[in-house]
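Student: Please take me on a close look at the ligand site, and then on to whatever else in the chain deserves attention.

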Amino acid sequence: MTLIKLVRYPGVRAGESRQGVGGHKDPGVLTMLLVEPGKGGLEAEVDGAWVAVEPVPGAFVVNIGELLEVATNGYLKATMHRVVSPPEGDERLSVPFFFNPRLDSRIPLVPLPAELAVAAPGVTEDPTNVISAVFGDNMLKARLRAHPDVAARHHPDLVTG
Ligand SMILES: O=C(O)CCC(=O)C(=O)O
Ligand SMILES: [Fe+2]
């Protein structure tokens, strides 16, 4: 179930929240992200700190998704990232392409060469973000987390608190 999105981040007035997309990990396998040339705003979490991902002309940004973390038993870690909206008078366009399997598919564990397997620590365990190997379940979790207001209104049975 690949998905392509066209995203526009309008500029925000001084004093207003600059949050474009809050911190998250993409729930699928791999994301190829085309950002409008020259535009910043994307940040990735590195060792607990947000780091600006500088635009590279002619290049896609590639995000590791949670299912690739599952497939590699944590050898590859899903990228935590967010987007900071531009200031008033500017805007930012992006085109993420999400490479995902069928909703009902369960991602298999890829056999790693021994030298990589020893460096695979397992999938990240976070009670606030439980990763499912079944893509549809993981996608639903991501949507419920990203849109808590919609979840509380339309799917109160699926969320707590
Ligand atoms: O717009 C971007 O640069 C990133 C968007 C994103 O992270 C997402 O849609 O999952
Ligand atoms: Fe993302």
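Tutor: A polar contact is a pair of N or O atoms within 3.5 Å; within protein, one must be able to donate a hydrogen and the other to accept it, and residues adjacent in sequence count only if both atoms are side-chain atoms. This is a predicted model, where local features need pLDDT of at least 70 and side-chain atom pairs 80 or more, while totals for chains, interfaces and linings use all residues. Residues are numbered from 1 along each chain as written, chains are lettered from A and ligands numbered from 1 in written order, and side-chain values use heavy atoms, without hydrogens or water.

Let us begin with ligand 1. Its oxygen atoms meet three side chains: a polar atom of Tyr-9 lies 2.5 Å from one, an N or O atom of His-24 is 3.0 Å from one, and for Asp-26 the separation is 3.2 Å. The protein covers 94% of the 290 Å² of accessible area (Shrake-Rupley, 1.4 Å probe) that ligand 1 has on its own. Ligand 1 sits (more than half of its atoms within 2 Å of the grid points) in the largest pocket, an open set on a 1 Å grid with protein on both sides within 12 Å along at least five of seven lines.

The residues surrounding ligand 1 (a heavy atom within 4 Å) are Lys-5, Tyr-9, His-24, Asp-26, Leu-33, His-81, Val-83, Arg-92, Ser-94 and Phe-98. Strands are DSSP runs of E, at least two residues, and helices are runs of H or I, at least four, numbered from the N terminus. Strands S8 and S9 (91–99) each supply at least two residues of this shell, and S9 gives the largest share, three residues.

Three names in that shell return at the iron ion, ligand 2: its protein donors (N, O and S atoms within 2.8 Å of the metal, or 3.2 Å for Na, K and Ca) are His-24 through NE2, Asp-26 through OD and His-81 through NE2, lying 2.1 Å from it. Along the chain, these donors follow the spacing H-x1-D-x54-H. Asp-26 belongs to the loop between strand S3 (19–24) and strand S4 (30–35), whereas His-81 belongs to S8 (residues 81–84), so the pair ties together parts 55 residues apart in sequence. Both Asp-26 and His-81 are buried (under 20% relative accessible area, against over 50% for exposed and in between for partly exposed, with a 1.4 Å probe and protein chains only).

Now to the rest of the chain, starting with contacts across the sequence. Thr-2, in the segment before strand S1 (3–4), has its C-alpha 5.0 Å from that of Asn-100, 98 residues apart along the chain. With 46% relative accessibility, Thr-2 counts as partly exposed. Ala-120 lies in the loop between helix H2 (114–117) and helix H3 (135–146), and its C-alpha is 5.2 Å from that of Gly-74, 46 residues apart in sequence. Ala-120 counts as buried because its relative accessibility is 14%.

Two backbone angles round off the tour. Asn-73, in the loop between helix H1 (66–71) and S8, has a positive phi near 55° although it is not a glycine, and at 31% relative accessibility it is partly exposed. Asp-47 sits in the loop between strand S5 (42–46) and strand S6 (49–52). Phi of Asp-47 is also positive, near 50°, in a residue other than glycine, and Asp-47 counts as exposed because its relative accessibility is 81%.

Note on methods
1 Å grid on protein atoms, 1.4 Å probe; cavity = no way out; pocket = protein on both sides within 12 Å on 5 of 7 lines; lining within 4 Å.
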